[in-house]
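User: I am new to protein structures. Could you show me how to read one, feature by feature?

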Amino acid sequence: MEISELDDLLIEIVAEENPVTVRRVFYSATTKTDLVPKSEAGYSVVQRRLLALRRAERMPYYWIADNTRYVVKPLSYDSADEALKLTAALYRKALWLDQPSVVQIFTEKDALVSVVQPVTDEWQVPLGIMRGCASESFIYEEAQSVQRERRKTYFYQLGDHDPTGVMAWEKFEEGVRRFAPNANLAFDRIAVTEQQISEMDLPTRPTKKSDSRSASFKGDSVEVDAIPAPVLRDLVRAAIEQHVDQHQLRATKVFEESERDLLLSLTQGRREAW
């Protein structure tokens, strides 16, 4: 009966949050039931049940994302006509060229890529994965990307509320400002915040005292994975949309449709020439 109850809960979680990683499902399950302990043993249980549910066809395979493994394949086409058609179908005019500001989103963990990338892709916003403390090289490259930008650049981050997570974002901000001293920049952590911990009643864990950075950190720690995926997507969407000039967006969409039609007309012209 416990297995059946857990399976039903996992299906409910994944149906709402997909595409989602196994660890993301694990964190959601620990907040909703006592059947899953917040331990590696609990993670293994969720992992096994998700596999069983997919093999039993109770859950689509594509609902579960694996961001740690991928295949690289060179892009190629059957013909020039196919290339033109695909280009026309996928064509999107650069949305931010005529917007008053620039936005970038960063996540501390690659496990969140599948959660928020649908939103960043929709709005053509860069999505960076920091994986803890960013290297000096990574920070330098980010600074160079905004050094000559005349508009204001807004950096938003999703990260753990713990000594390393907070310090990593502070180090990133300090480094970018140092390498791009003349750029107009703004930095903001949109998750996890102390207010969110309280309002959402997020599960906490004791802060590791062995962490050398814990001396100036107060309270328990919370992992960003504990926030439901729909909420994370809403946070990212709100952060982006507040900087979008809707009048300019409508103009960009008109030009995009016109240029897409032009690309499609090229395929028609090739067929008539044949």
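Analyst: We will go from the whole chain to helix packing, then to single residues. Keep in mind that this is a predicted model.

User: Let us begin with the whole chain. How many helices and strands are there in the chain?

Analyst: The chain has 10 helices and four strands. Their order along the sequence is α-α-α-α-β-α-β-α-β-α-β-α-α-α. The C-alpha trace spans about 70 × 55 × 35 Å along its principal axes.

User: What share of the residues counts as buried?

Analyst: Of 274 residues, 43% are buried. The chain exposes about 15,400 Å². Carbon and sulfur atoms supply 52% of that area.

User: And how do contacts relate to the sequence?

Analyst: Take the contacts with a separation of 6 or more. Residues 24 or more positions apart account for 74% of them.

User: Now helices. How do I describe two that pack together?

Analyst: Two packed helices are described by the angle between their axes and the distance between the axes. Try H2, residues 22–32, and H3, residues 40–55. Their axes are 9 Å apart, at an angle of about 115 degrees. H2 is therefore roughly perpendicular to H3. The crossing is right-handed.

User: Which residues make the contact of H2 with H3?

Analyst: H2 brings Val22, Arg23, Val25 and Phe26. H3 brings Glu40, Gly42, Tyr43, Val46, Gln47 and Leu50. Sorted by class, the contact has six nonpolar, two polar and two charged residues.

User: Let me try H1 and H3. At what angle do their axes cross?

Analyst: The axes of H1 and H3 cross at roughly 80 degrees and come within 10 Å. So H1 is roughly perpendicular to H3. On the H1 side are Ile3, Leu6, Asp7, Leu10, Ile11 and Val14. On the H3 side are Val45, Val46, Arg49, Leu50 and Leu53. This contact has nine nonpolar, no polar and two charged residues.

User: Why do the contact residues of a helix often come three or four places apart?

Analyst: An α-helix has 3.6 residues a turn, so residues three or four places apart point the same way. Look back at H1: Ile3, Leu6, Leu10 and Val14 are among its contact residues.

User: Is H2 mostly covered or mostly open?

Analyst: H2 is mostly covered, with eight of its 11 residues buried. These are Val22, Arg24, Val25, Phe26, Tyr27, Ser28, Ala29 and Thr30. The cover includes H1 (2–17), H3, H5 (113–122) and H9 (229–241).

User: Next, single residues. Is Trp169 buried or exposed?

Analyst: Read the relative accessibility: under 20% is buried. Trp169 has 4%, so Trp169 counts as buried. Trp169 is in helix H7, residues 163–179. Leave aside residues up to four places away in sequence, and Trp169 touches Phe106, Met130, Phe155, Tyr156, Gln157, Phe187, Asp188 and Arg189. The C-alpha atoms of Trp169 and Glu108 are 8.7 Å apart, yet 61 residues separate the two along the chain.

User: Where is His161?

Analyst: His161 is in the loop between strand E3 (152–158) and H7. His161 is buried because its relative accessibility is 8%. Beyond four places in sequence, His161 touches eight residues named here: Arg189, Val192, Glu194, Ile197, Phe217, Asp220, Ser221 and Val222.

User: What should I look for in the backbone?

Analyst: Check the peptide bonds. The one from Asn18 to Pro19 is cis, with omega near -5 degrees. Pro19 is in the loop between H1 and H2. The bond from Ala191 to Val192 is also cis, with omega near 0 degrees. Val192 lies in the loop between strand E4 (185–191) and helix H8 (194–200).

User: Which angle stands out at Gln124?

Analyst: Look at phi. Gln124 has a positive phi of about 55 degrees, although Gln124 is not a glycine. Gln124 is in the loop between H5 and strand E2 (127–129). With a relative accessible area of 24%, Gln124 is partly exposed.

User: And Arg131: buried or exposed?

Analyst: Arg131 counts as exposed, at 61% relative accessibility. Its phi is positive, near 55 degrees. Arg131 lies in the loop between E2 and helix H6 (136–147).

Technical notes. Residues numbered from 1 in each chain as written. Predicted model: local features only at pLDDT ≥ 70, side-chain atom pairs only at ≥ 80, totals over all residues. Heavy atoms only, no water. Axes fitted to C-alpha atoms, helices over the stretch in contact; angles between N-to-C directions. Helix = DSSP H or I, 4+ residues; strand = E, 2+ residues; numbered from the N terminus. Parallel < 35°, antiparallel > 145°, perpendicular 65-115°, else oblique. Left-handed = near helix turned anticlockwise from the far one by under 90°. Contact = heavy atoms within 4.5 Å. Nonpolar A, V, L, I, M, F, W, Y, C, P; charged D, E, K, R; others polar. Buried < 20%, exposed > 50% of the residue type's maximum accessible area, 1.4 Å probe, protein only. Areas by Shrake-Rupley, 256 points an atom, 1.4 Å probe, with all protein chains shown as cover.
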